[in-house]
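Here is a short report on one predicted model. Please look over the sequence and the structure before reading on.

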Amino acid sequence: MLVVFGENIKVRKRILQLIEGLTDEEFNEMPSHGGWSPKQIVEHLALMECQVATNIAKELKNPDSLRVFKKPISVSSIPLLKTYALEYTEPTDIHLSISEIKERLHQSRNFLLDIYDSATEVELRAKSIKHPMFGNVPLIQWFRFVGFHEKRHLRQLKRAVERVKSTKPLLTQSYK
């Protein structure tokens, strides 16, 4: 299991470290130039992970699922490749605390791990799900894809956190 989830664990740890130093207000703050708030980026990651787990669980039951060759999914972490969030992974504008989003991340990861544990490696290699950029991807690769996807958004999250922190008003001390 470590081979499949090793990188995912490292990336998730870095995401949690990045948001740890923020207040809930900073975490939810929308950038003035547009784009997603730190909360929206992390919410998107939880939504995506749940969707991947749901799709794998569904495909495991599909007797007509295609067996396909491995795809070069590692390139999905490269920011130069333009992609767009699918509707069901679009984050909301609802204010969430950092502890609430951590719980969502915890739940989405446990869901993915449960799906992994529920199948054999043979089943995971013998079936596939269509990806918008790569075509059909073997189920076994989707677990690592979650890590590559998070790695891609880690860069975006770093920039969003830096912007939020740089817009803090400077505290001035008044002397009487």
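## A strand serine

In which strand does Ser128 lie? Ser128 belongs to S1, the strand of residues 128-131.

Is Ser128 buried or exposed? Its relative accessible area is 3%. Buried means under 20%, so Ser128 counts as buried.

The Ser128 side chain makes a polar contact of 3.0 Å with the side chain of Asn136. Contacts of Ser128 beyond four places in sequence include Glu59, Ser65, Leu66 and Val68. Asn136, Val137, Pro138 and Leu139 are also in contact with Ser128.

## Nonpolar cores

The largest nonpolar core holds 23 residues. Ile56, Leu112, Leu124 and Phe143 have the most contacts inside it. Four helices give two or more residues each: H1 (2-20), H3 (38-60), H4 (98-118) and H6 (139-166). H6 supplies the largest share, seven residues.

Phe143 touches Ile56, Leu112 and Leu124. Its other contacts, again leaving out residues up to four places away in sequence, are Val4, Phe5, Asn8, Ile115 and Tyr116.

A second core is separate and has 19 residues. Among them are Ile41, Leu96, Ile98 and Leu157.

## Helix H6

How many residues does H6 have? The helix has 28. From first C-alpha to last, H6 reaches 41 Å. That is close to the 40 Å expected at 1.5 Å a residue.

Where is the kink in H6 centred? It is centred on Phe145, and the angle is about 30°.

Terms used
Residues are numbered from 1 along each chain as its sequence is written. This is a predicted model: local features need pLDDT of at least 70, side-chain atom pairs count only at pLDDT 80 or more; totals for chains, interfaces and linings use all residues. Side-chain values use heavy atoms; hydrogens and water are left out. Buried means under 20% relative accessible area, exposed over 50%, partly exposed in between (1.4 Å probe, protein chains only). A polar contact is a pair of N or O atoms within 3.5 Å; within protein, one must be able to donate a hydrogen and the other to accept it, and residues adjacent in sequence count only if both atoms are side-chain atoms. Contact means heavy atoms within 4.5 Å. A nonpolar core is a set of buried Ala, Val, Leu, Ile, Met, Phe, Trp, Tyr and Cys residues joined through side-chain atoms within 4.5 Å. The expected span of a helix is 1.5 Å times one less than its number of residues. The bend at a residue is the angle between axes fitted to the seven residues ending there and the seven starting there.
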